[in-house]
Amino acid sequence: MSDKSVVKSGSNLERVLSSGHFAVTCECGPPKGADVELLEKKVALIKGCVDAANVTDNQTAVVRMSSIAASSILVKNGMEPVMQMVTRDRNRIAAQSDVFGASALGIRNMLCLTGDHQSFGNHPKSKNVFDLDSLQLLDVVRTIRDRGVVNSGDPVQGGIKMFLGAAANPFADPFEFRVIRLAKKIDAGADFIQTQCIYDMKRFRDFMKMACDMGLDKSCYILAGLTPLKSAGMAAYMNKNVSGITIPEEIIKRIKGAAKNEQAEEGIRLLLDQIQEVREIPGISGVHIMAIEWEDRVREITERAGLLPRPLL
Amino acid sequence: MIVADPKPFLQVKGYLEDFQKILVVGCGTCTTVCLSGGEAEVQILASGLRIAFGKDGRKKTILEECIQRQCDLEFVEPVLSRVESENIDAVVSLACGVGVNFLADRLGKTPIFPGLDTTFYGANVEQGLWAEMCAGCGSCIIAHTGGICPVARCSKHLLNGPCGGSEKGRCEVDPANIECVWQLIYDRLKRLGRLEDLRHLLPAKDWSTASDGGVRRSTREQLYDI
């Protein structure tokens, strides 16, 4: 179980959260190749708008620049990364080695994930690893950080400082198990949580009530995940095709109700409403804005949501 | 049981182009039960090969046999003798991969080809349908999961509960055909009044007992005493 009063890595994200500010993170997906300029352009768009940016690890199992390398480029460009790491592509040897490497490159936040199954990506014939699941990865990295030993028990040469995160999906099934799984992730070492994107606010409130009743918000910072809808088409697509995401009919109607060229603006207005709503939910310490391939709107979104300027700590 | 599916006919025929006298051997155990490699399937494949090669204008001798088990020397020895005595050029096995290997190790200079794709350890869950139930990982953890195996039946082999891709009891990898095993485990433990079992973290698993630890053997010392 994480103790909030003990400094884990001293990252900007950790400092923002531990000083009681409402944190803001977003995503910064690496390019599908070695195009550093493309990544740096994205960084320029979000710099100053968020406390840290998640660097995804071959998300949806599509091959991209490695999250460690991309995170390191963010560090060089003055943007704090939350390096995502999935267990789909690496066993415990590679995972621990990569954590050492990430720490050496100045990366101070990581998000431990199992990762999307490779059948969703561009190499569906590949072999997966899943030597560890996301909870075991948390446990392994936490043990390196707090006890100075790798999974085998061997001592490390030079410790790591890492603020450890995990994902939570309150919208997948079985619903009653979702909060138990969250508790397990916190037990396994999660210092912060970023949730799957929230559209069903009622179900999210129920989830958070259960989490707070168990006292989970006391030992972990929970950031509410939000994704702006660009169009009614995107809403319908996500509702139908993305497992674990349900978009209530009234939201689809709201976006549909706007004229075609106004739907993106309506999506942003909806997001701003959602940000205000989650701010009021007990136990929520921040927002994780997943503006998928919409980094150029992050400044506007955070500005209009009253989240700027970000604290300088 | 071990489940295996027939290979595409043309693939099997392709293996045999260069051989004249061919023996198709079935297996009377698992692949008979899962209707891919028993006596009937031997007859079907052999007839198909005769017809197909005949249409190509090439007359080959296709022989048939089905033994009780291709993974036991007692049953395999007569096949080895037959291959030798009848100057058979090639063997097609309709056993699982175990049978093909076991014969290959003993066939000397005679080539052997698989007629099946061996898939998994499974059960006959309904008529005409087999489903994977065990991954043979060598260190069984299902005492913690209500007797239901997430190593074999979760698409990501997760040990600590369902991922975000579990929806209405189905797995996002193929909702039409795959159940979310963690939903099954959850429901079963709930019925057993043992949901507490899921509260504890299962640490990183020891995979050295699975195939990751190298090729495995299993001994029963008591048998050597007989």
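How do the residues of the lining of the second largest pocket divide into nonpolar, polar and charged? They divide into 19 nonpolar, ten polar and ten charged. The pocket is one of several sites shown in the close-up views below, and the model is predicted.

**View 1. The second largest pocket is lined by residues of chain A and chain B.** The volume of this pocket is about 1200 Å³. Its lining holds 39 residues, and those closest to the centre are E132(B), V151(B), A152(B), C154(B) and H157(B). From chain A, α4 (92-104) gives two or more residues to the lining. From chain B, β6 (116-126), β7 (129-134), α6 (150-153) and α7 (181-191) each do so. The largest share, five residues, comes from β7(B).

**View 2. Chain A and chain B meet at an interface with one salt bridge.** The contact involves 32 residues of chain A and 28 residues of chain B. About 2600 Å² is buried between the two chains, and carbon and sulfur atoms give 52% of this area. The salt bridge pairs the side chains of R199(B) and D187(A), with 3.0 Å from N to O. Between the chains, 19 residue pairs are in polar contact, counting pairs with both residues at pLDDT 80 or more.

**View 3. Helices α5 (134-147) and α6 (175-188) of chain A each supply at least two residues of the side that touches chain B.** Nine residues come from α6(A), the largest share of that side. By class, the side of chain A that touches chain B has eleven nonpolar, ten polar and eleven charged residues.

**View 4. The largest cavity has C154(B), S155(B), C163(B), C171(B) and C180(B) closest to its centre.** The structure holds two cavities of 30 Å³ or more. The volume of the largest is about 120 Å³, and 16 residues line this cavity. Nine of the lining residues are nonpolar, three are polar and four are charged. C154(B) is also among the residues closest to the centre of the second largest pocket.

**View 5. The second largest cavity is lined from chain A and chain B.** This cavity holds about 30 Å³ of space. Chain A gives F130(A), D131(A), L132(A), D133(A) and Q136(A) to the lining, and chain B gives K156(B), H157(B), L159(B) and W207(B). The lining residues divide into four nonpolar, two polar and three charged.

**View 6. A salt bridge joins K42(A) and E295(A).** Over all chains the count is 35 salt bridges. In this one the side chains come to 3.4 Å, N to O. K42(A) is in helix α2 (residues 36-46) of chain A, and E295(A) is in the loop between β8 (284-289) and α12 (298-304) of chain A. The two residues are 253 residues apart, and the pair links distant parts of the chain.

**View 7. Two cis peptide bonds and a positive phi are shown in chain A.** Most residues other than glycine have a negative phi, and most peptide bonds are trans. The bond between D173(A) and P174(A) is cis, with omega about -15°. P174(A) lies in the loop between β5 (163-168) and α6 of chain A. The bond from L308(A) to P309(A) is also cis, with omega near -5°. P309(A) is in the segment after α12 of chain A. N58(A), a residue other than glycine, has a positive phi, near 45°. N58(A) is in the loop between β2 (52-55) and α3 (67-76) of chain A.

Conventions: Residues numbered from 1 in each chain as written. Chains lettered and ligands numbered in written order. Predicted model: local features only at pLDDT ≥ 70, side-chain atom pairs only at ≥ 80, totals over all residues. Heavy atoms only, no water. Contact = heavy atoms within 4.5 Å. Buried area = accessible area lost by both parts, 1.4 Å probe. Salt bridge = Lys/Arg side-chain N within 4 Å of Asp/Glu carboxyl O. Polar contact = N/O pair within 3.5 Å; in protein donor to acceptor, adjacent residues only side chain to side chain. Helix = DSSP H or I, 4+ residues; strand = E, 2+ residues; numbered from the N terminus. Nonpolar A, V, L, I, M, F, W, Y, C, P; charged D, E, K, R; others polar. 1 Å grid on protein atoms, 1.4 Å probe; cavity = no way out; pocket = protein on both sides within 12 Å on 5 of 7 lines; lining within 4 Å. Points joined across faces, edges and corners; volume = space filled by probe spheres on them.
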